[in-house]
Amino acid sequence: MRNVVFVAPFPLSTTLEFARALSSLDDVRLLGVFQEVPRGPGAEHFADIALVDSVFDAGGIAEGVRRLAGTWGLPHRILGVLEELQGPLALARQELGVPGPGTSGENNGLVATGTCPPVTDATRPDDGLRA
């Protein structure tokens with residue numbers, strides 16, 4: 001059984017749709033790292049959940065994954081769909097030695113090791129749009 005850790009700050013319905021799809025894959029045990037416990041429809045897709053103060057911090061993600069690994073074993077993958085999570089996810093994967101974008105291993109050239117700059121930053125206006 002492959003342990004797949006899904007990371008998200010809050011269990012919104014769209015987030016739980018991704019979780020449902022992941023949990024439907026053969027030979028996958030879905031684990032979660034959240035800031036808030038999933039409840040209601042969709043929560044049943046997770047074998048276990050670790051709560052952390054912030055999933056936007058690579059150390060918080062790594063801490064949650066380590067807690068889950070203590071019960072279930074090391075993760076096969078650590079995933080998240082929010083753009084803002086891609087940097088912290090890459091750093092947590094690197095720290096834990098889990099393959100994926102931003103780490104050595106099955107990187108496929110997607111992201112340079114240890115780096116994952118945001119594609120957009122909604123807090124900063126685009127200089128190109130000011131002209």
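Visitor: Where do I start with the strands, and in what order do they sit in the sheet?

Guide: Keep in mind that this is a predicted model. To read a sheet, find which strand lies beside which. Here the order is β3-β2-β1-β4, in an open sheet of 4 strands with parallel pairing.

Visitor: Which strands are at the edges?

Guide: Look for strands that pair on one side only; those are β3 (48-51) and β4. As for the twist, neighbouring strands of this sheet are turned by 25° against each other on average, ignoring direction.

Visitor: How many bridges join β1 to β2?

Guide: Bridges are the links to count between two strands. β1 and β2 run parallel and are joined by 6 of them. For a single example, take V5, whose bridge partner in β2 is L31.

Visitor: Now let me step back. How many helices and strands are there in the protein?

Guide: You'll find 3 helices and 4 strands. Walking along the sequence, you meet them in the pattern β-α-β-β-α-β-α.

Visitor: How do I read a helix, say α1? Which of its residues are buried?

Guide: Check each residue for how much of it is covered. In α1 (residues 13-23), the buried ones are T15, L16, A19 and L22. Seen down the helix axis, these buried residues fall within an arc of 110°, so they line one face of α1. On the other side of the helix, S13 and T14 are exposed.

Visitor: What covers the buried residues of α1?

Guide: The cover includes the strands β1 (2-7), β2 (28-34) and β4 (77-79).

Visitor: Can we zoom in on one residue? Why does T15 count as buried?

Guide: The test is relative accessibility, and buried means under 20%. T15 has 9%, so this residue counts as buried. Leaving out residues up to four places away in sequence, T15 touches F6, A8, F10 and F34.

Visitor: And α3? Where does that helix lie?

Guide: For a helix packed on strands, ask what it crosses and at what angle. Helix α3 (residues 86-96) lies across β1 and β4, and runs at about 165° to β4. Its buried residues are G87, P88, L89, A90, A92 and R93. Among the elements covering them are β1, α2 (58-72) and β4. Just after α3 comes G97, with a positive phi of about 75°.

Visitor: What about the largest nonpolar core? Which residues touch the most other members?

Guide: In a core, you follow who touches whom. This one has 15 residues, and V5, V7, V33, V55, I61 and I78 touch the most other members. At least two residues come from each of β1, β2, α2 and α3, and α2 gives the most, with 3 residues. There's also a second, separate core of 10 residues, including V4, F6, L22 and F46.

Visitor: Let's pick V7 from the largest core. What does V7 touch?

Guide: Again skipping residues up to four places away in sequence, V7 touches V33, V55, I61, I78, L79, G80, L85 and L89.

Visitor: To finish, what percentage of the protein's residues is buried?

Guide: Whole-chain totals give you the overview. Of the 131 residues in the protein, 37% are buried. The protein exposes about 7,500 Å², and carbon and sulfur atoms supply 55% of that area. Among contacts with a separation of 6 or more, 52% come from residues 24 or more positions apart.

Definitions and conventions:
Residues numbered from 1 in each chain as written. Predicted model: local features only at pLDDT ≥ 70, side-chain atom pairs only at ≥ 80, totals over all residues. Heavy atoms only, no water. Buried < 20%, exposed > 50% of the residue type's maximum accessible area, 1.4 Å probe, protein only. Arc of directions from axis to C-beta. Contact = heavy atoms within 4.5 Å. Pairing = 2+ DSSP bridges. Axes fitted to C-alpha atoms, helices over the stretch in contact; angles between N-to-C directions. Core = buried A, V, L, I, M, F, W, Y, C linked by side-chain atoms within 4.5 Å. Areas by Shrake-Rupley, 256 points an atom, 1.4 Å probe, with all protein chains shown as cover.
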